[in-house]
Amino acid sequence: MPIVRFSVTTNSHRQIVDITAQVQDAVAEAGIQDGLVTISVAHCTCTVYVNENESGLVADTLEIVDELTAGGAWRHNRIDDNAAAHLAASIIGNAVCLPVSGGQVELGTWQRIMLVELDGPRNRRVTVTVIPG
Ligand code: ZN
């Protein structure tokens, strides 16, 4: 089962990065024509999701994540003061699974694969695992 990894360097504390092109390149490199692909991040404060890359929606996504997680008396803050980032990552999830068809990730017209930095800036590692169908 081919696995391809790439890095994303973020430059803000919270940031959303469109990684669709890198994922498509990784799937092409894997050489599988049809099957499934999982895109995951090996981090506790970084996530991936699929949705439209529209600037208003990107800002809204960061805002709702903030509304859901900021300001709580979170116990994990006693350790390293980033509980909100961990909680947001748990809510969004750390992986997505998508179909591969004709050697490409199958996405809708407006769908993009988005990485969410929740405790940056950092260097993040993305793992693309292609499962032949
Ligand atoms: Zn932590």
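In which strand is Leu36 placed? Leu36 belongs to strand 3, which covers residues 35-41. Before I continue, please note that the model I am presenting is a predicted one.

Let me stay with Leu36 for a moment. Its relative accessible area is 39%, so Leu36 counts as partly exposed. On the surface, Leu36 joins Met1 and Ile131 in a nonpolar patch. Together, these three residues present about 290 Å² of accessible area.

I turn next to the metal site. Which residues supply the protein donors of the zinc ion? They are His76 and His86, each through NE2, Asn82 through OD1, and Asp80, which is listed twice through OD. These donors lie 2.0 to 2.5 Å from the zinc ion. Along the sequence, the donor residues follow the spacing H-x3-D-x1-N-x3-H. The pair of His76 and His86 links distant parts of the chain, the two being ten residues apart. His76 sits in the loop between helix 2 and helix 3, the latter spanning 77-80, whereas His86 sits in helix 4, residues 83-92.

Are these two histidines buried, partly exposed or exposed? With a relative accessibility of 27%, His76 is partly exposed, because the buried class requires a value under 20%. His86 is likewise partly exposed, at 23%.

Asp81 deserves a separate remark. This residue is placed in the loop between helix 3 and helix 4. Although Asp81 is not a glycine, its phi is positive, at about 55 degrees. Its relative accessibility is 61%, and Asp81 therefore counts as exposed, the cut-off being over 50%.

For a residue on the other side of the burial cut-off, consider Thr61, in helix 2, which runs over residues 55-69. Why is Thr61 classed as buried? Its relative accessible area is 17%, and the class requires a value under 20%. Which residues does Thr61 touch, leaving aside its neighbours within four places in sequence? Thr61 is in contact with Ile16 and Tyr49.

My last point concerns the backbone. Gly120 and Pro121 are joined by a cis peptide bond, with omega at about 0 degrees. Pro121 is located in the loop that connects strand 7, residues 112-117, and strand 8, residues 123-132.

To close, I would draw attention again to two features: the zinc ion with donors from His76, Asp80, Asn82 and His86, and the cis peptide bond between Gly120 and Pro121. Thank you.

Definitions and conventions: Residues are numbered from 1 along each chain as its sequence is written. This is a predicted model: local features need pLDDT of at least 70, side-chain atom pairs count only at pLDDT 80 or more; totals for chains, interfaces and linings use all residues. Side-chain values use heavy atoms; hydrogens and water are left out. Patches are made of residues with over 30% relative accessible area and no salt bridge: like charges are joined within 9 Å, nonpolar side chains (Val, Leu, Ile, Met, Phe, Trp, Tyr) within 5 Å. Accessible areas come from the Shrake-Rupley method with a 1.4 Å probe; for residues, only the protein chains shown count as cover. A salt bridge is a side-chain nitrogen of Lys or Arg within 4 Å of a carboxyl oxygen of Asp or Glu. Helices (H or I, at least four residues) and strands (E, at least two) are DSSP runs, numbered from the N terminus. Buried means under 20% relative accessible area, exposed over 50%, partly exposed in between (1.4 Å probe, protein chains only). Contact means heavy atoms within 4.5 Å. Donors are N, O and S atoms within 2.8 Å of the metal (3.2 Å for Na, K and Ca); water is not among the atoms, so sites may look incomplete.
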